[in-house]
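Q: I should like to learn how to read aromatic clusters and helix packing in a structural model. Where should one begin?

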Amino acid sequence: MAKLHFAIQVHGDKPCLYRKVPTMGNPRFGRMIPAMVTPMKDNLDLDLDRAQELADRLVKGGADSLIINGTTGESPTVFYPDKIELFKAVVAAVDGRIPVIANVGDNCTADTVGFASDVAKLGVDGFMCVVPYYNKPPQEGLYQHFSTIARSVELPIILYNIPGRCAVNMTAETSLRLAHDLDNVVAIKEASGDFDQVKAIVEGAPEGFCVYSGDDSATLDIMKLGGVGVISTIGNVAPARMKEIVELCAAGKWEEAAAANERLMPLMEGLFKTANPILVKEALKLAGFPVGGVRLPLVDATAEQSAELERTMREVGVL
């Protein structure tokens, strides 16, 4: 299993991996966590060799952890057997240098439990689980979904709230209920866009529970509210630049952080001119590190989109 040097606390006379730890000095999974794209071959099969090369590139670029096969990793079109192979490849490439977090979330609780149990054997360091999409469950259903998953595994879990994709918002009350009731629910990726909700989670969370921005462009504001960092899309393309922003925020250097954030904002916003991860993959291609195309129903960037993206990348100094 990959090493979790910084996540271990001693409880009594035994080390405990999953006990909540303070966030200010050193959050369990760090502050800048790229949601890694999934490289594809020309025929759109997984390119596991390129996935390993990308994981190594991101580690060297300053990533604190990696999220594998999240939304930016095209999780809806990568099915369980391929996910397993992808997780195994990335764990091997990272080789314990930073934590590897596997996205195992699905909209069927029983399937998520079974899949998470299988993935736990691969050496990953944690899970991300998204709010169930399409079902539109009530808040009690969300609580029971996540609590059932958490009680079936030992690895730490990051909740993922993104109502724009899931058609339902997990309220602060539900998120806090999970955080207080389940020791291995250790963080949330908050992409609701509701800063009052984010503030309520930060203020009501148990010690050591981490709130991450789920939107690069909201990271500065969320960290001002007490968030610890970002699960990042732009971190695939400019990991060192995004790392600079979150570290300046963590150090309380708000003016410097705001200036660095403003310089990178055109690309943060530019990557979302069409559905993610179309333009992230195009940006990597423009940066000289092609990772292949996207699977249908997504489509590759148009020539016009690529040209606009290239101009933006030059404007912010990434090219």
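A: One may begin with the rings. In this predicted model, ring pairs join Tyr80, Phe87 and Phe115 into a cluster.

Q: How many aromatic pairs does the ring-centre rule give?

A: Ring centres must lie within 6.5 Å of each other to count as a pair. By this rule there are two aromatic pairs. Tyr80 and Phe115 form a stacked pair, with 4.1 Å centre to centre and 5° between the planes. Because Tyr80 lies in helix H2 and Phe115 in helix H3, this pair ties together parts that are 35 residues apart in sequence.

Q: Is Tyr80 buried, partly exposed or exposed, and how is that decided?

A: The decision rests on relative accessible area: buried means under 20%, exposed over 50%, and partly exposed lies in between. Tyr80 has 28% relative accessibility and therefore counts as partly exposed. Phe115, with a relative accessible area of 3%, is buried.

Q: How are Phe87 and Phe115 arranged as an aromatic pair?

A: Planes under 30 degrees apart count as stacked, those over 60 as edge-to-face, and the rest as tilted. The pair of Phe87 and Phe115 is tilted, with 40° between the planes and 6.3 Å centre to centre. This pair also links distant parts of the chain, since Phe87 is in helix H2 and Phe115 in helix H3, 28 residues apart. Phe87 counts as buried because its relative accessibility is 0%.

Q: What is the span of helix H2, and what should it be?

A: The expected span is 1.5 Å times one less than the number of residues. Helix H2 covers residues 80–94, so its 15 residues should span 21 Å; the end C-alpha atoms are 21 Å apart, which agrees. After H2 comes Asp95, whose phi is positive, near 55°.

Q: Which residues of H2 are buried, and what covers them?

A: A general point helps in reading such a list: an α-helix has 3.6 residues a turn, so residues three or four places apart point the same way. The buried residues of H2 include Lys83, Leu86, Phe87, Val90 and Val94. Among the elements that cover the buried residues of H2 are strand E3 (32–36), helix H1 (48–61) and helix H3 (109–119).

Q: Where do charges sit over rings?

A: The charged end of Arg50 is placed over the ring of Phe289, 3.6 Å from its centre. Arg177 lies over the face of Tyr143, at 3.5 Å from the ring centre.

Note on methods:
Residues are numbered from 1 along each chain as its sequence is written. This is a predicted model: local features need pLDDT of at least 70, side-chain atom pairs count only at pLDDT 80 or more; totals for chains, interfaces and linings use all residues. Side-chain values use heavy atoms; hydrogens and water are left out. Helices (H or I, at least four residues) and strands (E, at least two) are DSSP runs, numbered from the N terminus. Buried means under 20% relative accessible area, exposed over 50%, partly exposed in between (1.4 Å probe, protein chains only). Contact means heavy atoms within 4.5 Å. Rings of Phe, Tyr and Trp (its six-membered ring) pair if their centres lie within 6.5 Å; planes under 30 degrees apart count as stacked, over 60 as edge-to-face and the rest as tilted. A charge sits over a ring if NZ of Lys or CZ of Arg is within 6 Å of the ring centre and within 35 degrees of the ring normal.
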